[in-house]
Amino acid sequence: MTTETEPLTVPAGWDTSKVIPGQLVDRDDTEDDIAPGIIEIIQPRTPMTRRAGSAAMVVAAATGRAVGLTARGSWIAGGWFWAGLRSSAYLGYRYVRAHDLQDVLGGMNKGTDWNKVQLARKSRWRFLGWSALGVAGLNLAGWIALVAGAGMTALDYSWAIPPAATGLLAATTMALYGRYRLNAPGIAPGQVVAEQDAMDSDEPFPLSYCVGGEQVIECVSRALAHEGIGTRTIDVLGHRDWGWEIDVVLQGSAPGKVNAAADNLDALFDIKRGGTLIEPDLDSAAHLVLRLVTADPFAHLPRPAVHGPNSLSVRDVAVRGRSMDGAPLELRLRGMSMLIIGKSGSAKTKGALRCIAEVITACRDAIAIEMDPVKGGLREFEGVMAAPPIRGGADCTEWLSRLVKIASARNDVKHNLNMGDLWEPSAKYPVIFAIVDEFIYLPKEAKALAIELLRIGRETGVHLIFAAQESTEDSLGDAIADSVTYRVMLASRAEDIRLTLGTGAAAAGYRPDRLQPAVDDERVYDAGKAFIRGPGYDRPILWKWDRLSRDQVMQAVGDRKAAGRPWFDADSLAAADLLHVIRRDGVTEGASLAGRLDRVEHDDAAIVAQLLRTFEEREAVFLPTNEVLIPALFGLTGADLDSAKLARILQSHAPTVKASRDKWGDSPQVRGWSRAAVEQAAAGLIDPSKARLQAA
């Protein structure tokens, strides 16, 4: 129980300054919770160190802290400003050089691209010039306002205030931009920044957002996963001038699945149509190389040069283009036959065929003829071809028939000349190339002859190079594509791939259907680009033919005509019974022995030809020597020819023939020659092998 009591009476004289006011509390328990002792009161006082310090020390401490904070802030702000200055300079250079426009165009591949970039550059310099004038005008207006409105004089520092404020604003803006650049080091200046994905997102994003190999790997991984294509590993092989080259090992998928999704991958990567290319590994079914094309691989293809007259042989390798990885497009003419498929505008005539014709007509041991049933063909090579331009279905059929005869007859010529298994080309016995454009417009008979020529001409040096806009079974005939050495596909239809390159070619990466043909001289797109299959060409990689100008070709044709060109060998024409048909000037005659002899390079050919014409004019089967035949030859031989010399001439080419006696006019027995004997001598001149057999 607690009881409050009255305050104690303080005796007189007590010092109550140290008495603590309180009250007495009587608690129920007897335990005393206040320790016994004396309570001493200590008054608060200033610490000794504070009393010992001086005002100078306090000032120094505060000043040092202020200086440190100022220096640190200036260093940070200076770093921001420097980063902003570098990035702004880079962006300014890209702006005035219109690099952003070049990125949109995919490089400057043609004249119109250069013109667009030049116009953009001039426009931007004009904008910068007017902007500079505008800033100067604003500064001038600010100075006038300070003088007129603020009461400042024109000659004091009022003129420096507007440019100082402008500079301060520019420096502040540049420093703030530099702070942004330093806080986002993974984003390059000028790069478009997409909305950031969540950390666990698998959504695809464009290839242009990538600034390094790791981001490219992530981009490819997401795109393939989006199309349901599993991958085991993805590695970047390198960044090329034209884009990225990536090594991919698939998991649970085949390269054909990647090829089937190529159009969708183009959109996911946000690159040009046809920019996703694959090259499967022939030794590993799950391994492929993925090429992502963001710029024209052939933008810097050097200007091609033509070859000198007769500077090549069919045994040589001629380069007439290159691949996207820099490998040369080599033409090996010996034994070469070729099928070229391409849409209108794909450059099969002005690209592929022109390059091939340029190489053939530069060879000293090869000749070419060109035919086109419906168009102009390769008329620019007129004069160095072995025959004038062949046009129309009927003429093309006739010439293909002649070539089949030559290819067949050359088997005997090859044997007689001991050439071996294959035709040995030389200037006297050249290889023959027939170039046929617009093959699908040939008559059915001509297509059958072409197939026959492909099958029998390889060993005897008669080869066919033909081009068409499509490769359907109706247009090319039965299995014609399998009979050629090289198959070239420029921009084509998807259904042409199987018939030209074989089953499974599209799944293996051969996709000429994704190439875009030219529209005109400015919009050339993928003209001249092709996929090739043949000996040495087993990769689905993009190739491009050289683009020879017409002026280059015309200059080369003039030089080659002046140097002289080989022509059909007489032995082959004689064996094919075509000496009277195929003439160097292109004129053909009837099937007379006299006409054939005009093509034989022998001193006796003109004599025998004149004898045959004499028999034809008189419609006789027997003519006397002295009365008719020798006078008919007087213009060729003069007075030196007599009956004995004529007999020796005829018997040198037909050893079994002899002069005979028969009725002539009123004379019952006149010495002369029969028409059959002269024709045998003519046959011996045309085909010397027959004369040798008769002599044996």
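How many residues of H9 are buried? In this predicted model, 12 of the 13 residues of H9 are buried, and the helix is mostly covered. Helix H9 spans residues 348-360 and has a kink of about 35° centred on arginine 354. H9 lies across strands of an open sheet of 10 strands with mixed pairing. An open sheet of three strands, with antiparallel pairing, is also present. The points below take these elements by topic.

**Helix H9**

- The buried residues of H9 include Lys348, Arg354 and Glu358, along with Leu353, Ile356, Val359 and Ile360.
- Gly351, Ala352, Cys355 and Ala357 are also among the buried residues of H9, as are Thr349 and Lys348.
- Arg354, at the centre of the kink, is thus one of the residues listed as buried.
- H9 lies across S5, S6, strand S7 (338-341), strand S8 (366-372), strand S10 (431-436), strand S11 (462-468) and S14.
- The direction of H9 runs at about 165° to that of S11.
- A second helix, H10 (residues 393-416), packs on the sheet and touches S8, S9, S10 and S11.
- The direction of H10 makes about 150° with that of S8.

**The sheet of 10 strands**

- The strand order is S6-S5-S14-S13-S12-S7-S11-S10-S8-S9.
- Strand S6 (328-332) and strand S9 (390-391) are the edge strands, each pairing on one side only.
- Strand S5 (residues 317-323) and strand S14 (residues 543-545) run antiparallel and are joined by three bridges.
- Serine 323 has tryptophan 543, in S14, as its bridge partner.
- Strands of a sheet pair through backbone hydrogen bonds, in either a parallel or an antiparallel sense.

**Strand S11 within that sheet**

- All seven of the seven residues of S11 are buried, so S11 is largely enclosed by the rest of the structure.
- In a regular strand, side chains alternate between the two faces of the sheet.
- Val462, Leu464, Phe466 and Ala468 point one way from S11, while His463, Ile465 and Ala467 point the other way; all of them are buried.
- S7 pairs with S11 in the parallel sense over four bridges, and isoleucine 340 has alanine 467 of S11 as its bridge partner.
- S10 also runs parallel to S11, with five bridges joining them; here isoleucine 435 is the bridge partner of isoleucine 465 in S11.

**The sheet of three strands**

- The order in this open sheet is S15-S17-S16, with antiparallel pairing.
- Strand S15 (622-624) and strand S16 (660-664) are at the edges and have a single partner strand each, so one side of each has no neighbour in the sheet.
- From one strand to the next, the twist averages 65°.
- S15 and strand S17 (residues 667-674) run antiparallel and are joined by three bridges.
- Proline 624 has glycine 672, in S17, as its bridge partner.
- Helix H17 (residues 605-618) packs on this sheet and touches S15, S16 and S17; the direction of H17 makes about 110° with that of S15.

**Loop residues with positive phi**

- Glutamate 438 is not a glycine, yet has a positive phi near 55°.
- Glutamate 438 is in the loop between S10 and helix H11 (444-456).
- With a relative accessible area of 1%, glutamate 438 is buried, because the cut-off is under 20%.
- Tyrosine 525 likewise has a positive phi, of about 50°, although it is not a glycine.
- Tyrosine 525 is in the loop between helix H13 (496-501) and strand S13 (529-533).
- The relative accessible area of tyrosine 525 is 34%, and the residue is partly exposed.

**Glutamine 552**

- Glutamine 552 lies in helix H14 (residues 550-563).
- Its relative accessibility is 15%, so glutamine 552 counts as buried.
- Leaving out residues up to four places away in sequence, glutamine 552 touches Arg303, Pro304, Ala305, Val306 and Arg547.

**Cavities**

- Three cavities of 30 Å³ or more are counted.
- The largest cavity holds about 120 Å³ of space.
- The largest cavity is lined by 14 residues, of which Lys272, Gly274, Leu277, Leu515 and Leu542 are the closest to its centre.

Definitions and conventions. Residues are numbered from 1 along each chain as its sequence is written. This is a predicted model: local features need pLDDT of at least 70, side-chain atom pairs count only at pLDDT 80 or more; totals for chains, interfaces and linings use all residues. Side-chain values use heavy atoms; hydrogens and water are left out. The bend at a residue is the angle between axes fitted to the seven residues ending there and the seven starting there. Helices (H or I, at least four residues) and strands (E, at least two) are DSSP runs, numbered from the N terminus. Buried means under 20% relative accessible area, exposed over 50%, partly exposed in between (1.4 Å probe, protein chains only). Two strands pair if DSSP finds at least two bridges between them. Contact means heavy atoms within 4.5 Å. Axes are lines fitted to C-alpha atoms, for helices over the stretch in contact, and angles run from 0 to 180 degrees between N-to-C directions. On a 1 Å grid over the protein atoms alone, a cavity is a set of points where a 1.4 Å probe fits but cannot get out, and a pocket is an open set with protein on both sides within 12 Å along at least five of seven lines; lining residues have an atom within 4 Å of a point. Grid points are joined across faces, edges and corners, and a volume is the space filled by probe spheres set on the points.
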